[in-house]
Amino acid sequence: MSAEHPTSPQRPARCHVSIIIKAFNEEKNICAAIESSLAAAAEVGGEVILADSNSTDRTVELASRYPIRIVQLVHSHERCCGAGPQLGYQHSRGEYVYIMDGDMQMVRGFLPHALLFLAQHPEAAGVGGRLVELNGESLEYRERALRNAAHLAPGEVDRLDGGGLYRRRAVEEAGYLSDRNLHAYEEFDLAVRLRALGWKLWRIPVDSVTHYGHDAPPYQLLMRRWRARYVCGAGELVRAALGKPSQRLVLRLRELRIYAGVLLWWLVLASAPFWPLPVPARAASFGALAAAPFAVMAWRKRSLRRATYSVVSWCFNAAGMARGLFARRRPPREPIPSLVVHEPPQATETRRQHYA
């Protein structure tokens, strides 16, 4: 195991497509993710890179059995959603780059369709396909599918959540693939930086990946996201965009309006005990204000269970947004310290020839 500078000129010449798998503790899924990626890369000519965020399980051990490049963060405290894709990108060679999670599997046939689409649409920076969600029992993933219906449908979209194939040339114009500071919204951040430059994003009606998300109880998942700072992503996104061409597009994000509304709701609730009303009237006002969002959402969703989860989830994310707004940032273009822990045989041989 040896350190390598991420922008080292020692890397071989570019290939056609780099498939980057970002993972942390995915020993149950990583073999299927890698095998499907190798099959997909073989269709078009390319490489597979595992960007590992210092897994503490057998993810790297299992991945080392395959002819792929494995790179790891040097510092575990830099682990976040934005660091993984950028880590893999630093070590990639492809003219095109595909990003996926370690609990996904590539669908054969997508990359040829995506490359053909990009060849026919030079204005497109990236293209995604259908994300086939296999976890239909999870309340979190059912609600997410309903919220994200617009940008998961075929056609021009404002982001490529769930993975996409990007032109390296477009990414280089945008400065970097993924903001290493973001604990969420890394795909949306890339999308707004590309769109601010005039690039377009599309989703085609072809299955691209299958996904089986973490099967945890919904409120336990919210607590996990708080501890991992995933809920800070919205605030970090706003902080990253301030004063930049992408700011206008970021501030249009629907979730920001919801979370800002939740913060306002909290302020009104906090002020209710000080209103110049009799105590019973103040108590009644406080109770009515506290119950109002739950009542409105129960009417909209026709389910008290779904309504309660939505409001509680908004509260977690609103608090996280406030936290993320004040988080310290590192320069996103600065290389992420990393280690190359495994190389495919052909890459090792190419490096030997490079030094001969």
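Reader: How much area does the protein chain expose, and what share do carbon and sulfur atoms supply?

Author: The protein chain exposes about 16500 Å², and carbon and sulfur atoms supply 59% of it; accessible areas come from the Shrake-Rupley method with a 1.4 Å probe, and for residues only the protein chains shown count as cover. This is a predicted model, in which local features need pLDDT of at least 70 and side-chain atom pairs count only at pLDDT 80 or more, while totals for chains, interfaces and linings use all residues. Residues are numbered from 1 along each chain as its sequence is written, and side-chain values use heavy atoms, with hydrogens and water left out.

Reader: And what percentage of the residues count as buried?

Author: Of the 356 residues in the protein chain, 51% count as buried, where buried means under 20% relative accessible area, exposed means over 50%, and partly exposed lies in between (1.4 Å probe, protein chains only).

Reader: Ok, switching to Ser37: where does Ser37 lie, and is Ser37 buried or exposed?

Author: Ser37 lies in helix H1, residues 30–44; helices (H or I, at least four residues) and strands (E, at least two) are DSSP runs, numbered from the N terminus. Ser37 counts as buried because its relative accessibility is 0%.

Reader: Which residues is Ser37 in contact with, leaving aside its neighbours within four places in sequence?

Author: With those neighbours set aside, Ser37 is in contact with Ile19, Ile21, Val48, Met100 and Met106, contact meaning heavy atoms within 4.5 Å.

Reader: Now the strands: in which sense do E7 and E10 pair, and over how many bridges?

Author: Strand E7 (residues 124–133) pairs with strand E10 (residues 200–211) in the parallel sense, over eight bridges, and two strands count as paired if DSSP finds at least two bridges between them. Leu131 stands opposite Val209 in E10. E7 is also joined by two bridges to strand E9 (residues 165–167), and these run antiparallel, with Leu165 in E9 as the bridge partner of Val127.

Reader: How many aromatic pairs does the count come to?

Author: The count comes to three aromatic pairs, with rings of Phe, Tyr and Trp (its six-membered ring) pairing if their centres lie within 6.5 Å, and planes under 30 degrees apart counting as stacked, over 60 as edge-to-face and the rest as tilted. One of them is the tilted pair of Phe117 and Trp202, at 5.8 Å centre to centre with 55° between the planes.

Reader: Why does that pair tie together parts that are 85 residues apart in sequence?

Author: Phe117 lies in helix H4 (residues 110–120) and Trp202 in strand E10, so the pair ties together parts 85 residues apart in sequence.
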